[in-house]
Amino acid sequence: KEPRKLSWQQNAVLYFHDLVYLLAVLMIIFLMFFRVVVVEGTSMNQTLLDGDYLLLLNSTFYGEPEQGDIVVISKDSYDHGVPIVKRVIATEGQIVDIDFETGIVYVDGVALVEPYLNTPTNVQGGVQFPLEVEDSCVFVMGDNRNHSSDRRFIGPVTEEEIFGKVINRKGGHQL
């Protein structure tokens, strides 16, 4: 038997049908695994700039946050839960200390090498150092340290308040 030839209208309906299924699968993947957010503000300058688009891996799938990860968090107690982008400096149980005269951040007594910073860390905020990171929490700071509302000002950040880890930014900027 010869295969039946379809009219252009039937082919169009079949392509549209396939396109709808493809879009549904992509939406499910993005809703479950990824998020897209836009950077607002200057707290991560020069690493991330105001208006950059970020692709996040949902926190459910990337596991435990690690030192150096760039994450997006939302704290109901800060700015009504508006998402903010910060870098993980330390994780639970680690000791953070900052020498505000030299601007150097120490984790467990070791000075961090932070080539991404604009300026040394000179603003203390409302935290007494040294500080042990609370259970199930992370210590986060912006890369533009003296112009960042981070752990020094907003309080402890729990792992549940992390939306996800930044895995890419518009333009393929190296993180």
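Is Arg87 buried or exposed? Keep that in mind, everyone, and we'll come to it after a look at the sheet. One reminder before we start: this is a predicted model.

Let's begin with the overall layout. Seven strands make up an open sheet, and going across it the order is β1-β2-β11-β3-β4-β9-β10, with antiparallel pairing. The edge positions belong to β1 and β10, each of which has a single partner strand, so one side of each has no neighbour in the sheet.

Now walk inward with me. Strand β2, residues 53–58, runs antiparallel to β11, and five bridges join the two. If you want a residue pair to click on there, Leu56 has Val166 in β11 as its bridge partner.

On the other side of the sheet order, have a look at β9. This strand covers residues 137–141, and five of its five residues are buried, so the rest of the structure largely encloses it. Both of its faces are covered: Cys137, Phe139 and Met141 are buried on one side, and Val138 and Val140 are buried on the other. As for partners, β9 pairs with β4, residues 84–91, in the antiparallel sense over four bridges. It also pairs with strand β10, residues 157–158, again antiparallel, over two bridges. In that second pairing, Cys137 has Thr158 as its bridge partner.

That brings us back to the opening puzzle. Arg87 stands opposite Met141 in β9. Arg87 counts as buried, because its relative accessibility is 5% and the cut-off for buried is under 20%. So what does a buried arginine side chain meet? The side chains of Arg87 and Asp143 form a salt bridge, at 2.8 Å from N to O. Arg87 sits in strand β4 and Asp143 in the loop between β9 and α3, so this pair ties together parts that are 56 residues apart in sequence. Asp143 is buried as well, with a relative accessible area of 0%. As a general reminder, side chains of opposite charge can pair when their charged atoms come close.

How many salt bridges does the structure hold? There are seven, and I'd like to show you two others. The side chains of Lys165 and Asp69 meet in one of them, at 3.5 Å from N to O. That pair links distant parts of the chain, with Lys165 in strand β11 and Asp69 in the loop between α2 and β3, 96 residues apart. Here the two partners fall into separate classes: Lys165 is partly exposed at 26% relative accessible area, whereas Asp69 is buried at 10%. Then there is Arg152 with Asp150, where the side chains meet at 2.8 Å, N to O. Both Arg152 and Asp150 are buried.

Let's move out to the surface. A nonpolar patch there has about 1,100 Å² of accessible area in total, and among its residues are Phe16, Leu19, Phe30, Val36 and Tyr53. Two elements give two or more residues to this patch, namely α1, residues 8–32, and β1, residues 34–38. Which of them gives the most? That is α1, with nine residues. On the strand side, Val36 is placed in β1, and this valine counts as exposed at 54% relative accessibility.

There is a charged patch too. Glu64, Glu66, Glu92, Glu132 and Asp135 gather into a patch of negative charge on the surface. Glu92 lies in the loop between β4 and β5, and it is partly exposed, at 37% relative accessibility.

Last stop, and one for those of you who like checking torsions: the backbone. Where are the cis peptide bonds? One joins Asn45 and Gln46, with omega about -5°, and Gln46 lies in the loop between β1 and β2. Another joins Phe129 and Pro130, with omega about 0°, and Pro130 is in the loop between β7 and β8.

Two non-glycine residues with positive phi are also on my list. His80 has phi near 55°, sits in the loop between β3 and β4, and is exposed at 77% relative accessible area. Ser136 has phi near 60° and belongs to the loop between β8 and β9. This serine is partly exposed, with 33% relative accessible area.

That's my tour, thanks for listening!

How values were computed
Residues are numbered from 1 along each chain as its sequence is written. This is a predicted model: local features need pLDDT of at least 70, side-chain atom pairs count only at pLDDT 80 or more; totals for chains, interfaces and linings use all residues. Side-chain values use heavy atoms; hydrogens and water are left out. Patches are made of residues with over 30% relative accessible area and no salt bridge: like charges are joined within 9 Å, nonpolar side chains (Val, Leu, Ile, Met, Phe, Trp, Tyr) within 5 Å. Accessible areas come from the Shrake-Rupley method with a 1.4 Å probe; for residues, only the protein chains shown count as cover. A salt bridge is a side-chain nitrogen of Lys or Arg within 4 Å of a carboxyl oxygen of Asp or Glu. Buried means under 20% relative accessible area, exposed over 50%, partly exposed in between (1.4 Å probe, protein chains only). Two strands pair if DSSP finds at least two bridges between them. Lys and Arg count as positive and Asp and Glu as negative; His and the chain ends are not counted. The place of a charge is taken as NZ of Lys, CZ of Arg, CG of Asp or CD of Glu.
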